[in-house]
Amino acid sequence: MSTPHVVVVMGVAGTGKTTVGPLLAAELGVPYAEGDDFHPPANIAKMSAGTPLDDADRWPWLDAIGQWAHGRAGLGGVVSSSALKRSYRDRLRAEAPGVVFLHLTGDRDLIGRRMADRKGHFMPTALLDSQFATLQPLQEDEAGVAVDVSGTPEEISARAVAALRRLDS
C-alpha cells in the first residue's frame, strides 16, 4: 500500500481477528496489537462470566485502542477490535481519523464451530448471538473492506491484503 495505514481488524468473536491480524501485519510489514490486551480487568471478568459489555464498559477500551492507532498514524499498524457498532468505529476514528477497517465476515455456523474449538479464550460461545445482534456492518462512507473468513488464515489474510490494496487505488 502506498501509505502505511492503521488497519482495525473488526468482526464478531470467532472470526479470526487474533489469527488474521498478525498475518496481515506481517504481510504489510507493520506491528500488530491485540485489541483484547487493551481491556481493563473488569471487562475481562465480565465477559468471562458470560455477561456482555455495555457501552460504558467499552468506551475506555476503544479510547485506548484509538490512542494506539493515533500513535501509529503515518507509520502503519494492525490492531484488532470487534468494533461492532458504527458508534464504536466513530469513537476509534475520533482518536485516529485515518484508520481503515477490515471487517472479517462469515456464516454464523462456521464462526460458532470455530469458537467452540478455541481453547483458553475468555469469550464464551454463548455470547456469539448477542454479537451478531449488535453488529452494524461497515457503511459506504466508512473507509474499509469486508473479507469472508472461509478458508485458511493465510487465504483470508491474502484476500485482506488484496482488498486493502484495491481500497488504496
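**Entry 1: surface and overall dimensions**

I began with the surface. The accessible surface of the protein comes to about 7,800 Å². Carbon and sulfur atoms hold 55% of that surface. I note here that the model is predicted.

Next I looked at burial across the chain. Of the 169 residues in the protein, 44% are buried.

I then took the box around the C-alpha atoms. Along the principal axes, the box is roughly 45 × 35 × 30 Å.

I also checked the contacts with a separation of 6 or more. Residues 24 or more positions apart account for 74% of them.

**Entry 2: secondary structure**

I counted seven helices and five strands in the protein. Read along the sequence, the pattern is β-α-β-α-α-β-α-β-α-α-β-α. The radius of gyration is 15 Å, close to the 15 Å that the globule rule gives for 169 residues, so the protein is as compact as a globular protein of that length.

**Entry 3: the sheet**

I asked myself in what order the strands form the sheet. The order is 2-3-1-4-5, in an open sheet with parallel pairing. Strand 2 (32-33) and strand 5 (144-148) stand at the edges. Each has a single partner strand, so one side of each is left without a neighbour in the sheet.

I followed the pairing of strand 2 first. Strand 2 pairs with strand 3 (residues 77-80) in the parallel sense, over two bridges. A33 has V79 in strand 3 as its bridge partner.

Then I looked at what packs on the sheet. Helix 1 (residues 17-28) touches strand 1 (6-10), strand 2, strand 3 and strand 4 (100-105). The direction of helix 1 makes about 160° with that of strand 1. Helix 3 (residues 55-71) also packs on the sheet, touching strand 1, strand 2 and strand 3. The direction of helix 3 makes about 170° with that of strand 3.

**Entry 4: strand 3**

I went back to strand 3 for its other pairing. Strand 1 and strand 3 run parallel and are joined by four bridges. V7 has V78 in strand 3 as its bridge partner.

Are the faces of strand 3 covered or open? Both are covered. G77 and V79 are buried on one side, and V78 and S80 are buried on the other.

**Entry 5: past strand 3, A83 and R86**

I moved on along the chain to the loop between strand 3 and helix 4, where A83 is found. A83 is not a glycine, yet its phi is positive, at about 45°. The relative accessible area of A83 is 0%, so this residue is buried.

I then turned to R86, which is in helix 4 (residues 86-95). R86 has 19% relative accessibility and counts as buried, because the cut-off is under 20%. I listed its contacts, not counting residues up to four places away in sequence. R86 touches R93, Q136, Q139, D141 and E142.

**Entry 6: helix 3**

I checked the span of helix 3. Helix 3 has 17 residues and reaches 24 Å from its first C-alpha to its last. That is close to the 24 Å expected at 1.5 Å a residue.

Which residues of helix 3 are buried? They are D57, R58, W61, L62, D63, I65, G66 and A69. The buried residues of helix 3 pack against strand 1, helix 2 (41-48), strand 3 and helix 4.

I looked separately at A64, which lies in helix 3. A64 is partly exposed, with a relative accessible area of 23%. I took its C-alpha distance to D37, 27 residues apart along the chain, and it came to 9.9 Å.

**Entry 7: L102**

My last stop was L102, in strand 4. L102 is buried, with a relative accessible area of 0%.

What does L102 touch, not counting residues up to four places away in sequence? Its contacts are V7, V8, V9, M10, L24, V145, V147 and A160. V7 through M10 belong to strand 1 (6-10), L24 to helix 1 (residues 17-28), and V145 and V147 to strand 5 (144-148).

I closed with the distance from L102 to A64. The two are 38 residues apart along the chain, and their C-alpha atoms are separated by 19 Å.

Note on methods: Residues are numbered from 1 along each chain as its sequence is written. This is a predicted model: local features need pLDDT of at least 70, side-chain atom pairs count only at pLDDT 80 or more; totals for chains, interfaces and linings use all residues. Side-chain values use heavy atoms; hydrogens and water are left out. Two strands pair if DSSP finds at least two bridges between them. Contact means heavy atoms within 4.5 Å. Axes are lines fitted to C-alpha atoms, for helices over the stretch in contact, and angles run from 0 to 180 degrees between N-to-C directions. The radius of gyration is taken over C-alpha atoms; the globule rule is 2.2 Å times the number of residues to the power 0.38. Buried means under 20% relative accessible area, exposed over 50%, partly exposed in between (1.4 Å probe, protein chains only). Accessible areas come from the Shrake-Rupley method with a 1.4 Å probe; for residues, only the protein chains shown count as cover. The expected span of a helix is 1.5 Å times one less than its number of residues.
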